[in-house]
There are 2 protein chains.
Amino acid sequence: MNLLGRAEELVLLAVWKLGDDAYCVPIKKHLVKTTGKDWVFGAVYAPLERLEKKGLLQSSLGDPTPERGGKRKRIYKLTKAGVKALIEVKKVEKAMWDNISEGVLEKLL
Amino acid sequence: MNLLGRAEELVLLAVWKLGDDAYCVPIKKHLVKTTGKDWVFGAVYAPLERLEKKGLLQSSLGDPTPERGGKRKRIYKLTKAGVKALIEVKKVEKAMWDNISEGVLEKLL
DNA sequence: GCAATAAAATCTATTTTGTAGAGAAAATTG
DNA sequence: CAATTTTCTCTACAAAATAGATTTTATTGC
């Protein structure tokens, strides 16, 4: 079937949203805040690595910052392939959700 | 993190859409047609089984039909838990996609 | 220069999901 | 009751997600 996995999608979106600040820690933070779910490190890191390997993300080491301590940040950026993958998953979701609003679902409860 | 997997979500949606005709074969057909992707049997069957085990779907054997041949159909139906899971995944997706239209993405290509 | 501390990345092991397609089971028809 | 058809079920495998511990690297104050 070969669509983005759930975590992959959400991680890509977080990277997009964070722009130049898209490294592991804020990505995790954004995911926790926006999804309302717990995200452990591995659940962020593994998709990031995979997505880079697949060419949907590209990373580079950030400059040392004036803040205290820490390894150099690894900053992620969407590639065109990444953007395309997001567009595709969105399209599929839209087709499958066609005519199903949350309201419709809630009536079933 | 614990959200519906992609296939799980799409299978649930197919079941909802098909109503009383929600058994493996039309579910697969609907998925192929609506997603534009290939779905082999295992990719439909495995999520169906798992979703039932988790209580998001409930199945029952259909009546023998006037059509030719075949084992009795196993008809699937969303449970309340299934509906809730769909509502939840939708909510999360919405939050994460907030302000990102396909148009915005396409400009990045 | 060096110890303490902090920020961040990376790793390992495991579980859960998804993929692929072969093959078995049950129903109908001639 | 054999042939055919429809449908389900199974097995083996690959990929993705989870969990949290550990390591690495940088800064600051001594």
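This is a short tour of the place where chain A and chain B meet, with one stop in a loop at the end.

Before you click: this is a predicted model, where local features need pLDDT of at least 70, side-chain atom pairs count only at pLDDT 80 or more, and totals for chains, interfaces and linings use all residues. Residues are numbered from 1 along each chain as its sequence is written, chains are lettered from A in the order in which they are written, and side-chain values use heavy atoms, with hydrogens and water left out.

**Stop 1: the interface.** Select the residues in contact (heavy atoms within 4.5 Å): you'll pick up 43 from chain A and 44 from chain B. Together the chains bury about 4,200 Å², with 71% of that from carbon and sulfur atoms. Buried area here is the accessible area (1.4 Å probe) that two parts lose on being put together, summed over both. Now show A:Met1, A:Arg6 and A:Met96, which supply 20% of the area that chain A buries against chain B, more than any other three residues.

**Stop 2: a salt bridge.** Zoom in on A:Glu102 and B:Lys94, whose side chains form a salt bridge at 4.0 Å, N to O. The rule wants a side-chain nitrogen of Lys or Arg within 4 Å of a carboxyl oxygen of Asp or Glu, and it finds seven such bridges across this interface.

**Stop 3: a loop in chain B.** Which residue should you select here? Go for B:Val40, in the loop between helix 2 (24–35) and helix 3 (41–53) of chain B. Helices are DSSP runs (H or I, at least four residues), numbered from the N terminus. B:Val40 counts as exposed because its relative accessibility is 53%, and exposed means over 50% (1.4 Å probe, protein chains only). Add B:Lys28: its C-alpha atom is 7.7 Å from that of B:Val40, though the two are twelve residues apart along the chain.

Note on methods
Helix = DSSP H or I, 4+ residues; strand = E, 2+ residues; numbered from the N terminus. Buried < 20%, exposed > 50% of the residue type's maximum accessible area, 1.4 Å probe, protein only.
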